[in-house]
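User: Please take a close look at one residue of this chain and describe its setting. I should like the account to begin with the chain as a whole and then move inward.

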Amino acid sequence: MLDNIRIILVNTSHTGNIGSTARAMKTMGLSKLWLVDPVNEPDSHASALAAGATDVLGNAKIVKTLDEAIAGCRLVVAASARSRTLSWPVMDPRESGIKLVQESQTGEVALIFGRENNGLSNEELQKANFHAIIPANPDYSSLNLAAAVQTLCYEVRMAYLQEHQYPEQEEPYPLTDDVERFYTHLEQTLTDIDFIVKNHPGQVMAKLRRLFNRARPEAQELNILRGMLASVDKLSKNKDS
């Protein structure tokens, strides 16, 4: 199961943090590190701070976009340090660990961490099913990147050691690729029927993303929704012809 869990760092500035993340992962039995558009690729400083986890560092996959890093995943959890304007389903670290381990039994899952200075953007956060927030001291809640990774990876390991308590998911959830295709289809259909005004889209799609992320339709349910949209598309074209 742990081989199905990806740790993703987005646009990391300091190579030392990449090395420290590799070390934090290996101590908890995790090995799949993905780097999205790092400012600098891992170097000797990263290797030094990896301290014995150079295998994790050396096997890290480097990609340009977050979409590439989460492609093929059934569950995406994003670490977030603060509440955003648009609220999203939130879990604490323990809940995150349980959820990631449970769903890693049936496919790949991802845990995303953002930039050292300002975390993940709202657009990046909206690609996640859940946000994980570490309940740190509100008077001093600033964790460095490796500390945040260590905290959440620890909870993943604890859940892994107790995995017999969490039954396997009976119905699979769709891959992130399929979910993104659904959102693209949904936006196009709503635009075609003038529910969304193209020049003034507002927050409709962001709020619909939040709705469907909260509901988490299974793969078959998503297929039903795509079928409904296809029927709406057909009726709309017949009326226009």
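Analyst: A residue is called buried when its relative accessible area is under 20%, and exposed when that area is over 50%. In this model, which is predicted, buried residues account for 45% of the 241 residues in the chain.

The chain is built from 10 helices and seven strands. Its radius of gyration is 19 Å, close to the 18 Å that the globule rule gives for 241 residues, so the chain is as compact as a globular protein of that length. The C-alpha trace spans about 65 × 40 × 35 Å along its principal axes. Of the contacts in the chain with a separation of 6 or more, 85% are between residues 24 or more positions apart.

As for the surface, the accessible area of the chain comes to about 12700 Å², and carbon and sulfur atoms contribute 49% of it. The chain carries 25 positive and 30 negative charges, and the mean positions of these two groups lie 2 Å apart.

The residue chosen for the close look is Ser96, which lies in helix 5, a helix covering residues 93-104. Is Ser96 buried or exposed? Ser96 counts as buried because its relative accessibility is 0%, and the cut-off for that class is under 20%. Which residues does Ser96 touch, once those up to four places away in sequence are set aside? The partners of Ser96 are then Val77, Met91, Ala132 and Leu152. Ser96 is thus described by its place in helix 5, by its relative accessibility of 0% and by its contacts with these four residues.

Note on methods. Residues are numbered from 1 along each chain as its sequence is written. This is a predicted model: local features need pLDDT of at least 70, side-chain atom pairs count only at pLDDT 80 or more; totals for chains, interfaces and linings use all residues. Side-chain values use heavy atoms; hydrogens and water are left out. Helices (H or I, at least four residues) and strands (E, at least two) are DSSP runs, numbered from the N terminus. The radius of gyration is taken over C-alpha atoms; the globule rule is 2.2 Å times the number of residues to the power 0.38. Buried means under 20% relative accessible area, exposed over 50%, partly exposed in between (1.4 Å probe, protein chains only). Contact means heavy atoms within 4.5 Å. Accessible areas come from the Shrake-Rupley method with a 1.4 Å probe; for residues, only the protein chains shown count as cover. Lys and Arg count as positive and Asp and Glu as negative; His and the chain ends are not counted. The place of a charge is taken as NZ of Lys, CZ of Arg, CG of Asp or CD of Glu.
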